[in-house]
Amino acid sequence: MHFSTLIFRNLFRRRARTLLTAAGLAVAIAAVLDLVGVAWNFQRAFTSLYQGKGIDLIVARAGVANQLSSTLDQKLGERLRGFQGVADVAASMVDVVGFEEAHIAGALINGWESGSLLFRGTHVLEGRMFGPDEDKVAMLGRVLALNLGKTVGDTVGVAGEPFQVVAVHESDSLFESGGLIIPLKSLQHLMGREGQVTGFVIQAEPSDPKSVSDLQRRIESEIPGVAATQARDQVARDMQLRLAMVMAWSTTALAILLGSVGVLNTMLMTVFERTGEIGVLRALGWKRRRVMSMILGESLCLGVLGALIGMVLAFVGMRCILLMPTARGFIDPNIPGPVLGLGLLLGFVLSVLGGVYPAIRAAALDPSEALRHE
Amino acid sequence: MNEREQTSEPILRGEGLRKVYPDGAVDALRGVSIAAAVGESVAVVGPSGCGKTTLLHLLGGLDEPTAGEVFHKGQPLSRIDRDRYRAREIGFVFQSFHLLPTLSAVENVQVPMFETDWSPRERAKRAEALVEQVGMAHRRNHPPARLSVGERQRIAIARALANEPSILLADEPTGNLDSHTQDDILRLLGDFRRNKGLTLIIVTHSSEVAAAADRIVRMRDGLVVVEA
């Protein structure tokens, strides 16, 4: 018989209690995995939004929390193009539109100029890109097309106006795959913001960090009221993304607290119930260390069981989130490997935090006293 | 043939043992001296609460005396690793058997062996042999709940012998058994004592059990009153 056999058998001595404790842990871990997973995928989608296109700088109105609320004059693009070290500039307008008939509360709508560098990383799956003089045409992201049930040649209502679908595209970023792209002029007209954009993206040449930093400083000092942000910093500065991460990690902290208290309670009850038995084991020559290993081993098994059930629950939970209209197109339902690893780590941490005190208490029992308890 | 030679030199000796429990209310032992030679069987008898079990716990290194000292082969227990002493030199048999309910009979016998260097295979082999020696081979895979009280005590004795101890300490080992089963268990303990040269210290209320011992130590109110 291996020592682990004894641990497993002890754990399932009270099956209902073990399973309930593991279920409690599983719910906490699943909540963490879903929230951190969503935030992680959000961040990854945001990062690929810029990095996949070779964008070095994002220019927006200074002081705005996110690009949606930024407003700049489109003519500023020409001025930016004149800066030394700028290889390419693209104007962009971004907003959010809803599609009530498909129960989609919000999808990203991008207004881009034909041939813009922003089209990098956009793969047309069906149809064609729109041309420079076209109006009222739309390229639907794959996920949005799927959710709307639309394909090339169909008409889609955007903010109350009909647009003809000319392409279904796939992008490296989920935001774009879950949204749509229309000509910049069309979006400006649709939003009543003619001549305005929400920002510009810049490809620098050379694009080494020092040169990009230098270009960033020059733009900010020469054009008052604008903020130039390096692509890698844009993700870190986005308020919504930061909020999502804070929420995810706050939930993690809460899960650790609640989960470890659950394990602590179960393991303390176990030690109390088995005081006499622990006395017998000590009488049979077991060292304190072995008693500790047994209790900690049981606690660890609980943690691993909770983590495994938690992962399954997290997958189910993620699919349930996708049933909500607001989540469609914005949420990547896959839980990344490192986040799953976090689930296992959480199971380990919770079981150690909850198991250490009962294990110490069990090991500290005086054998003679423990036998009298029996 | 005895594996350990019987000599008059005590293998276990308690000198002036006193035990006052931390609350100070119970003076369980008030200066007890006792000795047992290699291969000897000693019965400790006396009324409930006279300190028999406390004495057994002190001799077995389960508890420390308030005053006095226990010596094993001349070495004071206060200077040796008491966990190791219990694991290697002492076998405990309890009145209520105290088998682990989640393990089978043969697995219960392996429990003390976790403190040895034996491999899992070696542990299993030794446990199988012991289960056979106590006549329980046919019930080896049964959990304690499916064994009779006599069978449970047989397994508890096999467990006490798991690490080949030199001393067996038994606390009312026949207290829960009928007279027929009591005779069986006494015979088994006697056989092991003779064959393995074990020293047996047995706490009992039973005059029949006491009569089977080489020597009887009678206690009252925390003191040894008669040795015969």
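**Figure 1. Strand 1 and strand 11 of chain A in the predicted model.** Strand 1 of chain A, which covers residues 57-61, pairs with strand 11 of chain A in the antiparallel sense. Three bridges connect the two strands. Within this pairing, V59(A) has F200(A) of strand 11 as its bridge partner.

**Figure 2. Strand 3 and strand 11 of chain A.** Strand 3 of chain A, residues 86-99, also runs antiparallel to strand 11 of chain A, and six bridges join them. Opposite V86(A) stands A204(A), a residue of strand 11. In a regular strand, side chains point alternately to the two faces of the sheet.

**Figure 3. The surroundings of strand 11 of chain A.** Strand 11 of chain A consists of six residues, 199-204. Five of these six residues are buried, so the strand is largely enclosed by the rest of the structure.

**Figure 4. The two assigned domains of chain A.** The domain assignment divides chain A into domain 1, given as 3-46 + 241-373, and domain 2, given as 57-206. Between the C-alpha centres of domain 1 and domain 2 of chain A the distance is 45 Å.

**Figure 5. The contact between chain B and chain A.** On chain B, 22 residues are in contact with 17 residues of chain A. Helix 2 (82-89), helix 3 (105-110) and helix 4 (120-133) of chain B each contribute at least two residues to the side of chain B that touches chain A. By class, this side of chain B comprises ten nonpolar, six polar and six charged residues.

Technical notes: Residues numbered from 1 in each chain as written. Chains lettered and ligands numbered in written order. Predicted model: local features only at pLDDT ≥ 70, side-chain atom pairs only at ≥ 80, totals over all residues. Contact = placed C-beta atoms within 7 Å. Helix = DSSP H or I, 4+ residues; strand = E, 2+ residues; numbered from the N terminus. Nonpolar A, V, L, I, M, F, W, Y, C, P; charged D, E, K, R; others polar. Buried ≥ 20, exposed ≤ 12 C-beta atoms within 10 Å, placed from the backbone. Pairing = 2+ DSSP bridges. Domains from an automatic or database assignment.
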